[in-house]
Amino acid sequence: LSQRIVHFHGGNGTLEMAYTPGEPGAVLFGYGLPQLEAGQVYEIWTITNNRPVSAACAPSAGGKLTASLGADVEKVELMAVTVEDASCPSAPTSAPILTAPVNLA
């Protein structure tokens, strides 16, 4: 199986996700992202049937972001990233700054 790369679109910076079809898990990597305020993180969401589920929370250092996800992203319709409080809420409290369609079948 070959790895797939998904490109996020939206705000400033570059964010991509790599995953292998048929296997759970994914890795996100980004750079040039906006600097977060103290106490904030990027929260990564999987969205299917308009229902967001938190997949990970990740701090940003110097506009760079790396995160590992355990979710089976191949079954997800859309990935989204929001800026959230470091407590990582169970539902988004802000609009996504980046999104990426994954499986729209």
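Cys57 and Cys88 form a disulfide (a pair of cysteine sulfur atoms within 2.5 Å), with their sulfur atoms 2.1 Å apart. Cys57 lies in strand E6 (residues 51-58) and Cys88 in the loop between E8 and strand E9 (98-101), so the pair ties together parts that are 31 residues apart in sequence. Strands are DSSP runs of at least two residues, numbered from the N terminus.

This is a predicted model, in which local features need pLDDT of at least 70 and side-chain atom pairs count only at pLDDT 80 or more, while totals for chains, interfaces and linings use all residues. Residues are numbered from 1 along each chain as its sequence is written, and side-chain values use heavy atoms, without hydrogens and water.

Accessibility of the two cysteines is listed below; partly exposed lies between buried (under 20% relative accessible area) and exposed (over 50%), with a 1.4 Å probe and protein chains only.

| Residue | Relative accessible area | Class |
|---|---|---|
| Cys57 | 28% | partly exposed |
| Cys88 | 28% | partly exposed |

Glu84 belongs to strand E8 (residues 78-85). Glu84 is buried yet has no salt bridge, that is, no side-chain nitrogen of Lys or Arg within 4 Å of a carboxyl oxygen of Asp or Glu. The nearest side chain of opposite charge, Arg51, is 15 Å away; here Lys and Arg count as positive, Asp and Glu as negative, and His and the chain ends are not counted. The side chains of Glu84 and Thr93 are joined by a polar contact of 2.3 Å, a term for N or O atoms within 3.5 Å, one able to donate a hydrogen and the other to accept it, with residues adjacent in sequence counting only if both atoms are side-chain atoms.

Conventions. Helix = DSSP H or I, 4+ residues; strand = E, 2+ residues; numbered from the N terminus.
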